[in-house]
Amino acid sequence: MTAPKRRCAIYTRTSTEEGLSQDFNSLHAQAEACAAYIASQAGEGWQKARKVYEDGGYSGGALNRPALLELLDEIKSGKIDVVVVYKVDRLTRSLADFAKIVEILDAAGASFVSVTQSFNTTTSMGRLTLNVLLSFAQFEREVTGERIRDKFAASKAKGMWMGGVPPLGYDISNRALVINEPEAETVRALYRRYLEVKSIQVLTEELEKAGVRSKRHLTAKGVELGGVPISRGALTHILANPVYRGIVRHKGVFHAGLHQPIIDEETWRAAQEARGVAIRRHRSLTRHSAMLVRLVFDDNGNPMGPTATRKKGVLYRYYATRSRSVGSISRAPMAALDETVTTELEPLLRGDWMRGSTPRDRIICALQRVSIGSDLVITVPAIAIDDTALLSMPVERQILREGETIVIRCPISMARPRNTTMLIRSGGVSQPRADRSLMRAVALAPVWMKRLDSGEVASIKALARSEKLCVLHTARLLPLAYLAPDLVTQILEGRQPRTLTLTALIAEPLPLDWSAQRARFATFA
């Protein structure tokens, strides 16, 4: 009786590509041994498939190997009955992966054979033996990995370069970093310029305009990397890379490197201090609503930090100084100063400055310093400013160019109308923005008054309950139904004087006479 035919596929694998270019390599030797074993089983109906599935240069610790994945697809489609390998670890070194392969084989009714170990997964004893063998194979793989990691750590501790793409400014020679002088001079220039502008964004844009590119590197496989514009992330990495001061870092531990440093210790520390200030400033901006944190000073040079006070339930925010040698102004209203700086600076910024960022971020990244006293002095890098916009500045503004920075001096004065604090520029009150709470109040007050007059609600208390508001607050808002129409129009269009706030409106009884209402706010308009 003739045995049924069994289609046999040969699978071979090596972990490295070394020697694969030879006429007869390890893959060929494995295939020949497997083919001889299949021939010896011809009486059992075994027939070798035409194709040999080869994975050269792939680790046995994972399944994402091209030839193996193709072989598994063939098994699932029922085209392969037996998988033949030279040794079990050629197929996999992982117990978990082996269990997946066996599951695929079982589902397709296929089996697995190792030539040198004579195992067959069609029997329970064969599977048990294979599992034991694979346990040792996985153990060997893990021990090998530990040895490699230990060797890597020991080499790093000695300051050796352990491969990878060399940083800008260095080349690799005999597995060591050697200085590439033209690139090294570029790195030194980056550090010097950063200490001048203290802005990653400014420096990134300057590098792009100058055509500075990242390190070009040719890998062992002939793939060219780098040669692209230096991004913000890449620039940050260059400024933080301890390799440039002759240090090798491994898992947070620093070791003296065998290579020569490009950046001296003093420059390195100054750059890290500047980066630390920038990082702290960014973190402060994410925690607080203050836009000018670490940027605003009084006219004596004292820093003014964010502070707040609460009065009658209302929170007031300021920039204030704690120095004893206070300048002409000890504190300034936060919202007013932020808005004034924004109003002055935003029209002057180049259109491509921080393209894609929010208006607030564009302002923050452009500012270098804000000083407030009898005048408001704003210092920005010249690269961020549109020169044509400077020509249309009001004559009251003084524009001074100092090297690569521009200083803008704006005459201001302080005003303290009812329950507000305002910065008034020489050209008038800074242009207000839509006050949503005020707009909502003047829009709702007439509606509430109609509900009361029609009897829909019996009292102010009932009205407050239906609106889920405080009774006292509701009572204070109701008189806004009698606000002069021109004032209402200004509020709804966002053109109201900055002093015309909701707090100022309800702080004192509102006159019913429209002329008196206009007179009340005219002195501050």
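Here is a short chat about one sheet and the helix packed on it.

Biologist: Before we start, what kind of model is this?

Modeller: This is a predicted model, where local features need pLDDT of at least 70, side-chain atom pairs count only at pLDDT 80 or more, and totals for chains, interfaces and linings use all residues. Residues are numbered from 1 along each chain as its sequence is written, and side-chain values use heavy atoms, leaving out hydrogens and water.

Biologist: Great. What is the strand order in the open sheet of 3 strands?

Modeller: The order is β13-β14-β15, with antiparallel pairing. Strands (E, at least two residues) and helices (H or I, at least four) are DSSP runs numbered from the N terminus, and two strands pair if DSSP finds at least two bridges between them.

Biologist: Why is one side of β13 and β15 left without a neighbour?

Modeller: β13 (305–311) and β15 (331–333) are at the edges, each with a single partner strand, so one side of each has no neighbour in the sheet.

Biologist: How many bridges join β13 to β14?

Modeller: There are 7, and A308 stands opposite R317 in β14. Between β14 and β15 there are 3 bridges, with A320 opposite R331.

Biologist: Switching topic, which strands does helix α10 touch?

Modeller: Helix α10 (residues 334–345) touches β13, β14 and β15, contact meaning heavy atoms within 4.5 Å.

Note on methods
Axes fitted to C-alpha atoms, helices over the stretch in contact; angles between N-to-C directions.
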